[in-house]
Number of protein chains: 2
Amino acid sequence: MKKVKVAAPATVANVCCGFDILGFAVDAPCDEVVLTLTDTPGVTMKSITGDGGRLPLEAGKNTASVAVQSYLNAIQESTGVAIELIKKLPLGSGMGSSAASAAAALVAINALFDDRLSRSELIVHAMESERIACGSAHADNVAPSLLGGFVLVRGYAPLDVIKVPIKAKLFCTLAHPHLELKTEDSRKVLKPTISLKDAITQNGNTAGLMVGLMSEDYELIGRSLQDVIAEPIRSLFIPGFDQVRNLCKEAGALGCGISGSGPTMFALSKDQHTAEKVGQVLKAHFAKNNLNSDSHVSQINLDGAKIIG
Amino acid sequence: MKKVKVAAPATVANVCCGFDILGFAVDAPCDEVVLTLTDTPGVTMKSITGDGGRLPLEAGKNTASVAVQSYLNAIQESTGVAIELIKKLPLGSGMGSSAASAAAALVAINALFDDRLSRSELIVHAMESERIACGSAHADNVAPSLLGGFVLVRGYAPLDVIKVPIKAKLFCTLAHPHLELKTEDSRKVLKPTISLKDAITQNGNTAGLMVGLMSEDYELIGRSLQDVIAEPIRSLFIPGFDQVRNLCKEAGALGCGISGSGPTMFALSKDQHTAEKVGQVLKAHFAKNNLNSDSHVSQINLDGAKIIG
């Protein structure tokens with residue numbers, strides 16, 4: 001096989017109390033990559049569609065090609081690779097756009113090398129590409145895009161990534177208002193110190209969220225989906241955040257928050273009908289604030305990036 | 001029935017990364033309470049043994065009697081109650097001594113009133129008694145002593161106590177060096193602010209510990225049993241803490257830390273043999289530092305306080 005097509009899902013990182021440690025994948029939207037082995041040495045970006053011409057075709061600057069190059073270095077192969085990238089995730093939205101491109105490219109190249117590495121082993125190569133996308137090699141988008149489900153990044157020294165064996169069946173609403181935030185800017189507003197009290201509250205919520213997800217206790221999931229550290233500051237970027245969060249809960253969402261570093265908001269619900277109602281609430285709210293938005297409703301993606309052709 | 005005898009277990013609060021939110025109960029040691037309904041109105045402490053004469057017989061100052069009075073107020077009963085308290089837990093040791101006395105007394109009085117309240121409903125009355133014992137109405141000792149197992153105190157406003165459905169089978173070593181620490185003093189040394197980085201590390205470990213306990217992943221439990229917030233400061237009260245923690249791990253413990261606010265140290269192991277070896281390591285270490293100590297090895301207590309006569 002010389003050519004393969006892979007779709008890798010959008011992801012929600014910074015899941016409320018799980019700031020910087022917890023992410024999950026959703027069924028849609030997905031970025032797609034067609035990867036072809038060629039006789040010309042080197043990794044090249046052959047084409048990018050769906051990005052409005054905003055992403056660089058330079059191989060050293062695109063997360064898909066950087067990830068593939070890191071992979072090839074690791075397995076000590078030097079074949080030629082041509083990458084066609086079909087962007088379906090909006091850029092700078094907080095839905096793990098750069099991570100999805102890297103995850104798709106990695107699953108593709110790995111398939112062409114007979115799955116020489118495991119999904120978990122691909123994570124470090126995707127992290128390398130995150131470094132060029134947002135300045136730090138974080139794993140909380142790439143890991144769920146590769147593994148699916150809820151993924152805990154317990155720590156980085158050494159890297160410790162755990163796919164959480166959840167029982168809860170959840171539907172996710174993503175609503176992306178058309179304003180762009182850079183992860184770097186969104187990170188800059190965070191304070192380097194926090195109160196011990198807030199740290200304990202966050203920790204209690206994180207423990208509660210894990211127990212809720214693993215024991216299918218939806219009430220507990222709802223009570224635990226609170227972020228007292230990043231959200232109070234980052235939500236200032238999103239017009240009427242507190243108000244719309246309350247409206248989402250009134251509409252039946254278990255909880256909601258900022259996806260990644262925003263501006264996309266996510267909500268988790270127990271069923272599709274509620275998740276769709278919540279999507280309408282979010283869209284209406286953004287419209288009232290003179291913002292166009294698009295929304296997606298899907299189940300949690302349990303398997304991560306997959307070969308589609 | 002006019003008389004009942006109840007045993008309530010020692011507990012480990014502040015379980016490493018679960019500082020202020022997580023506690024568990026052990027099979028031994030237990031405080032015992034003999035509670036008798038009398039015709040003389042009022043709650044009285046009839047006798048206390050095993051405390052070396054250090055605990056007050058004044059009803060308003062003993063956690064057992066305070067808890068019972070709070071219970072009677074709640075159910076609007078005004079019977080006479082005489083309490084005999086048999087202390088088996090060392091005072092000021094960090095093993096939840098005051099909590100065990102209160103838990104035993106509450107399960108006893110509740111039994112004599114046909115279990116009018118659930119175990120969970122008893123927690124607030126035990127918390128009232130903690131206020132007189134250590135200045136704050138915390139739940140992380142009383143809740144596991146009443147409910148058994150690992151208990152998460154997600155938050156206090158409102159009180160949210162969750163018995164964690166763990167799968168892991170664990171043995172606990174408790175080693176109590178004969179030096180006394182007051183919870184208040186131990187709390188005073190903590191700083192009111194911490195770094196965001198440490199908060200994230202703690203949060204990752206807490207999530208990892210929950211996943212490990214619930215999915216029976218002992219390696220993950222071991223990696224997650226770390227406290228970067230309280231332990232680095234509080235461990236200064238315990239001679240050679242870092243050294244003996246490493247020795248415990250070398251002896252096979254999954255992890256270890258300070259029980260409650262110390263000075264007792266606890267370790268968790270996968271089997272009894274290892275837990276006993278770890279107890280010897282701890283005792284030898286304390287002896288080398290000219291401290292007498294006693295140690296206990298037991299399984300996690302899954303049911304909490306129980307009627308024994």
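**Reading a helix crossing and a chain contact**

Guide: Let's start with a pair of helices in this predicted model. In chain A, the axes of helix 1 (residues 63–75) and helix 2 (residues 97–112) come within 8 Å and cross at roughly 40°.

Visitor: Is helix 1 of chain A oblique or parallel to helix 2 of chain A?

Guide: Angles under 35 degrees count as roughly parallel. The two axes cross at roughly 40°, and that makes helix 1 of chain A oblique to helix 2 of chain A. As for handedness, the crossing of these two helices is right-handed.

Visitor: Which residues make the contact?

Guide: Helix 1 of chain A brings T63(A), A64(A), A67(A), V68(A) and Y71(A). From helix 2 of chain A come eight names to look for, among them S98(A), A102(A), L106(A) and I109(A). By class, the residues of this contact split into nine nonpolar, four polar and no charged.

Visitor: Now the two chains. How is the size of an interface often given?

Guide: People often quote the accessible area lost when the parts come together. Here we can count residues instead: 38 of chain B are in contact with 38 of chain A.

Visitor: Which element of chain B gives the most to the side that touches chain A?

Guide: That's helix 6 of chain B, with 15 residues. Elements giving two or more residues also include strand 2 (18–38) and helix 7 (218–224) of chain B. This side of chain B divides into 20 nonpolar, 13 polar and five charged residues.

Visitor: How do strand 8 of chain A and strand 8 of chain B run, parallel or antiparallel?

Guide: Antiparallel, with three bridges joining them. For one of the pairings, find S195(A): its bridge partner in strand 8 of chain B is T193(B).

Technical notes
Residues numbered from 1 in each chain as written. Chains lettered and ligands numbered in written order. Predicted model: local features only at pLDDT ≥ 70, side-chain atom pairs only at ≥ 80, totals over all residues. Axes fitted to C-alpha atoms, helices over the stretch in contact; angles between N-to-C directions. Helix = DSSP H or I, 4+ residues; strand = E, 2+ residues; numbered from the N terminus. Parallel < 35°, antiparallel > 145°, perpendicular 65-115°, else oblique. Left-handed = near helix turned anticlockwise from the far one by under 90°. Contact = placed C-beta atoms within 7 Å. Nonpolar A, V, L, I, M, F, W, Y, C, P; charged D, E, K, R; others polar. Pairing = 2+ DSSP bridges.
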